[in-house]
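Reader: I am in my first year and still learning how to read a protein structure. Could you take me slowly through one single part of this one, and then show me how that part relates to what surrounds it?

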Amino acid sequence: MFEKITYEELMEYVPNDFDKFVSDGLSSIQAVSRLINEYENQTDDYEDVRWMFTVLLAEIGVKYECLRDEIKIEALNIINDKKLVNFWIKEGINDTEIINRVSHLKNVKNYILRFDSNI
């Protein structure tokens, strides 16, 4: 089992790794696949990390026009079912931080819903 990656680390590392993979010559689609492979072990052990990782993949997919349908569907389910919000409340995250995170999730949901995937 890997040491649990924090929300803050995930929010920093995943976009940075995506940018690095693209700058190394991978296409956006290839970079997303590489992210999935690179983070697989860390996301499999912790449900909340897997949920946030999926939402981040959706956000990246919209931004770089490489959103895969299965990621879109899963991210929308996570957001709509309030899985992350309920987890954060249970974990005792302070109200201000939860409000900021929920606002971020709402923005991501709106981006996803407006995105027309051709992949």
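Author: The exposed residues Ile-89 and Lys-90 sit on the face of helix H5 that is turned away from its buried side, and this is a good place to begin, bearing in mind that the whole model is predicted. Ile-89, which belongs to helix H5, has a relative accessible area of 52%, and because exposed means over 50%, Ile-89 counts as exposed. Between the C-alpha atoms of Ile-89 and Val-14 there are 24 Å in space, while 75 residues separate the two in sequence.

Turning to the other side of the helix, which spans residues 83-91, one finds its buried residues, namely Leu-84, Val-85, Phe-87 and Trp-88. These residues lie on the same side of H5 because the arc they cover around the axis is only 165°. What do the buried residues of H5 pack against? Their partners are helix H1 (7-23), H3, helix H4 (69-80) and helix H6 (95-114).

Of these partners, H6 can be described in some detail. Two packed helices are described by the angle between their axes and the distance between the axes. For H5 and H6, the axes come within 11 Å and cross at roughly 170°. An angle over 145 degrees counts as roughly antiparallel, so H5 is roughly antiparallel to H6. On the H5 side of this meeting are Leu-84, Val-85, Trp-88 and Ile-89, and on the H6 side are Ile-98, Arg-101, Val-102 and Leu-105. Helix H6 also holds Glu-97, a residue that is partly exposed, its relative accessible area being 25%.

The buried side of H5 leads on to the interior. In soluble globular proteins, nonpolar side chains tend to be buried together. Here the largest nonpolar core has 37 residues, and Trp-88 is listed with Leu-10 and Leu-35 as having the most contacts inside it. At least two residues of this core come from each of H1, helix H2 (28-44), H3, H4, H5 and H6, with H3 giving the largest share, 10 residues. If we look at Leu-35 and leave aside its neighbours within four places in sequence, its contacts are Val-14, Asp-17, Phe-18, Phe-21, Phe-53, Leu-57 and Ile-60.

Helix H3 (residues 47-63) also contains Thr-54, which counts as buried because its relative accessibility is 5%. The side chain of Thr-54 reaches the backbone oxygen of Arg-50 at 2.9 Å, and, apart from neighbours within four places in sequence, Thr-54 is in contact with Ile-71, Glu-74, Ala-75 and Ile-78.

Finally, it is worth returning to the two ends of H5 and asking about the backbone there. Most residues other than glycine have a negative phi, and most peptide bonds are trans. Lys-82, found in the loop between H4 and H5, has a positive phi of about 60° although it is not a glycine, and at 49% relative accessibility Lys-82 counts as partly exposed. After H5 comes Gly-92, whose phi is likewise positive, near 85°. A further positive value in a residue other than glycine occurs at Glu-65, with phi near 55°; Glu-65 is in the loop between H3 and H4 and, at 63% relative accessibility, counts as exposed.

Technical notes: Residues numbered from 1 in each chain as written. Predicted model: local features only at pLDDT ≥ 70, side-chain atom pairs only at ≥ 80, totals over all residues. Heavy atoms only, no water. Helix = DSSP H or I, 4+ residues; strand = E, 2+ residues; numbered from the N terminus. Buried < 20%, exposed > 50% of the residue type's maximum accessible area, 1.4 Å probe, protein only. Polar contact = N/O pair within 3.5 Å; in protein donor to acceptor, adjacent residues only side chain to side chain. Contact = heavy atoms within 4.5 Å. Arc of directions from axis to C-beta. Core = buried A, V, L, I, M, F, W, Y, C linked by side-chain atoms within 4.5 Å. Axes fitted to C-alpha atoms, helices over the stretch in contact; angles between N-to-C directions. Parallel < 35°, antiparallel > 145°, perpendicular 65-115°, else oblique.
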